[in-house]
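Thank you for letting me take a few minutes of the meeting. Please have the sequence and the structure open while I talk, and stop me if a term is unfamiliar.

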Amino acid sequence: MRPSPALLFALACLAGCGESASYDLLIRGGTLIDGSGAPRRVADVGVRGDRIVAIGDLADGVAARTIEVEGMIVAPGFVDLHTHLDPLLRLPSAESHVRQGVTTALGAPDGGGPLPLGDYLDEAEALGLGMNVAFLVGHNSVRRAVMGLENRAPTAGELDEMRGWVARSMGEGAFGISTGLKYLPGAFSELDEVVALSRVAADSGGFYTSHLREEGIGRTPGLSLIDGVGEALEIGRRAEIPIVLTHHKVVGQPLWGAAATTLAMVDSARAAGTDAMIDQYPYTATYTGISILVPAWAQADGPDAFAERFEDAQLRDSILADIEWAIINDRGGNDLSRVQFARVSWDPTLEGRTLRDWAEREGLDPTPAVGAQLVVEAMRRGGASAIYHALDEADVEAIMSHPFTAIASDGRLTQPGSGHPHPRWYGTFPRVLGRYVRDEGVLELEEAVRKMTRLPASRIGLPDRGRLEEGAFADIVVFDPQTVRDRATFQDPHQYPEGIPWVIVNGAVTVDDGRFDDVRPGRVLRRGR
Ligand SMILES: [Zn+2]
């Protein structure tokens, strides 16, 4: 009878436990990609406790558990710079993320996120988590707490109060500040306010990440994607804060091709000393609330105020004209079949169906004007979220190829059967490895891994994650470069990916030969601790 690995380990311990040749976990025979961009090499990885303690030829090593991974890639666990972690307290195992190979996710993007942050982090910690989480402080959350949904500049006192919230959140462990200047109430803020609050985050060593004020051609003169990028770069310069243009994209056909301009802007800002970078999800469709098609001024002070404005004939015409414009030139993609409902609490039969389907069901002509009426109807019934097929593949590839673009999901934690999500919630990281590396050759594998690991970890400020090195945390993903792929589609989104048989978080195996184990080895990460 062959001795079991555990017995071997015990014998090794008798012979001198704690010597360098004994490990809790040995990952043997794989091809390492360490996250730095360096070429792959064959090597074993030895883990003790929550750390990587040896890399190299560890043939003599004895371990409590050995995983043979010949032919597989062994990489640092993926670090997701843009995650909607809102359901974390309900879905603490984070399976939809962990099964993509994500071991650390950054929450509270787009200006959102919990306040007070410290209490929330304590609650999450007590539950136990499937992956590591870090958080930002969201400008919209802060502004809403202090000023509600009022469409005006803050008083000096209100600005001080907002500064206080940012400072407090940074003290409680936030890694930076996020804004969502296209959303409420961030859309009502001017540049100076955002710079002032970003300075507070910068003083604590934080960074700035922004859903830009505009991502398409823009109906207001001087307010397009190009201006939105310019504003974020100016915030970086004036607040002296590292920035991220998050989920960077070019929305709407009239502006397709503009990635060349925005990437050049990033390059020249970097050359001038602003520490600017980008993150991106690998799809040609966006996802957000249907209210994104509705002008912000019409939504000031909340749903009742919106309904009231809509009773006024003049305002109603103006609101409808703005929505119709957005359907033609912006996220609507000039075709009602490009707006696909995702979550519709008041009529789940619309989930997965399009604005065009809805128009036809009502016996209406699927024109942009009819689409605008239906968007207002959706708003009046309590809103909805939708997928907008309004990006161009060439822009996606140009942005992905930029050396300072990280891969990030912009996904929300989910589970099968819940609404009709964007497939990025399940498939972002394997899609890049399968489609964009293996099938299309847009990225080299080493470069793709760097964009998923060290690049985002460095931006958050996690020096011992996002890398395979002795001494680093044992956050590790093992995938098969021949088979890794996303399976979630726009038609059938609730699909876990393939080809990612092992995921290890802080030394604990949580995806084990393809099976998810709810062992909760994740940690709440707090800046400075
Ligand atoms: Zn966003």
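Let me start with two helices, where Leu-159, Met-162, Arg-163, Val-166, Ala-167 and Met-170 of H5 meet Glu-193, Ala-196, Leu-197, Val-200 and Ala-201 of H6. I should say at once that this is a predicted model. Two packed helices are described by the angle between their axes and by the distance between those axes. Here H5, which covers residues 156–171, packs against H6, residues 191–203, at an angle of about 30 degrees, and the axes are 9 Å apart. Since angles under 35 degrees count as roughly parallel, H5 and H6 are therefore roughly parallel to each other, and the crossing in which H5 passes H6 is right-handed.

Now to the core. Which residues touch the most other members of the largest nonpolar core? They are Val-74, Val-133, Val-166 and Val-375, in a core of 158 residues, and the helix that gives the most to this core is H13, residues 368–380, with seven residues. If we leave aside residues up to four places away in sequence, Val-133 touches Leu-85, Leu-88, Ala-105, Gly-107, Ala-124, Gly-522, Val-524 and Leu-525.

Another helix to look at is H16, residues 445–452, in which Ala-448, Val-449, Arg-450, Lys-451 and Met-452 are buried. Among the elements that cover these buried residues of H16 are strands S7, S8 and S20, together with helices H15 and H17.

Finally, stepping back, the chain is divided into domain 1 (5–71), domain 2 (78–284 + 391–460) and domain 3 (289–388), and the C-alpha centres of domain 1 and domain 3 lie 56 Å apart.

How values were computed: Residues numbered from 1 in each chain as written. Predicted model: local features only at pLDDT ≥ 70, side-chain atom pairs only at ≥ 80, totals over all residues. Domains from an automatic or database assignment. Core = buried A, V, L, I, M, F, W, Y, C linked by C-beta atoms within 7 Å. Buried ≥ 20, exposed ≤ 12 C-beta atoms within 10 Å, placed from the backbone. Helix = DSSP H or I, 4+ residues; strand = E, 2+ residues; numbered from the N terminus. Contact = placed C-beta atoms within 7 Å. Axes fitted to C-alpha atoms, helices over the stretch in contact; angles between N-to-C directions. Parallel < 35°, antiparallel > 145°, perpendicular 65-115°, else oblique. Left-handed = near helix turned anticlockwise from the far one by under 90°.
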